Amino acid sequence: MKNIVSKIALGMFAGMLFTSCLKEDIVATPSLNAVKFYLADASGKDSLVPQPVKGKAVKIVVDTDADMCSVWPGGTREIMKKKVSTDGGATFADSVDMFNHPVLAKSDLYSDYGLVGAKGLKTTLSSEGWYCTYTYPKAGEFSLVVVVTNHGYNTNEFKPAVVEVGKLQVK
């Protein structure tokens, strides 16, 4: 009888132990609430703006419930080497990887994700959300993408959400 009671107690303890561990492994995919842009005014305080301005440092704030966040502003894409064709003056990529993709000197365009030289902006957590600072080099329309995740990289619980914020008009 004593042996049966100890086996039941051990079984209940092991069951409760695994149940509590399983609850911690359930990770929800993060959501994105808003993306806001701030420019520093003459006094140095941040003021909310509807769109960034070329040549001025804009603070991009991402309101999300994610554990990690990176921003791909899409303003820079430089191919490492270019060659000019002999028949029309058009340029084409000279440096390509083994999959015939261009080797980039730098890029923050999300469509280049995984290519050599492409990376998003690292963000810092504040009371408003995750933020980073970026300066668009020229005016025009750019594709803004935010990648948010719960838990971390290099684990089985990596649950990223790639959110295409949309086309951003820079004046």
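Q: Why does Phe-142 count as buried?

A: In this predicted model, Phe-142 has a relative accessibility of 7%, and buried means under 20% relative accessible area, with exposed over 50% and partly exposed in between (1.4 Å probe, protein chains only), so Phe-142 counts as buried. Local features need pLDDT of at least 70, side-chain atom pairs count only at pLDDT 80 or more, and totals for chains, interfaces and linings use all residues. Residues are numbered from 1 along each chain as its sequence is written, while side-chain values use heavy atoms, leaving out hydrogens and water.

Q: What makes the pair of Tyr-136 and Phe-142 tilted?

A: A search of the whole structure finds five aromatic pairs. Rings of Phe, Tyr and Trp (its six-membered ring) pair if their centres lie within 6.5 Å, and planes under 30 degrees apart count as stacked, over 60 as edge-to-face and the rest as tilted. The ring centres of Tyr-136 and Phe-142 are 5.0 Å apart and their planes stand at 35°, so this pair is tilted. Tyr-136, at 0% relative accessibility, also counts as buried.

Q: Why is there no bond between the sulfurs of Cys-69 and Cys-132?

A: A disulfide is a covalent bond between the sulfur atoms of two cysteines, and here the term is used for a pair of cysteine sulfur atoms within 2.5 Å. The sulfur of Cys-69 has its closest cysteine sulfur in Cys-132, at 7.5 Å, which is too far for a bond. The search of the whole structure finds zero disulfides.

Q: How do you know that Cys-132 is buried?

A: The relative accessible area of Cys-132 is 5%, which falls under the limit of 20%, so Cys-132 is buried.
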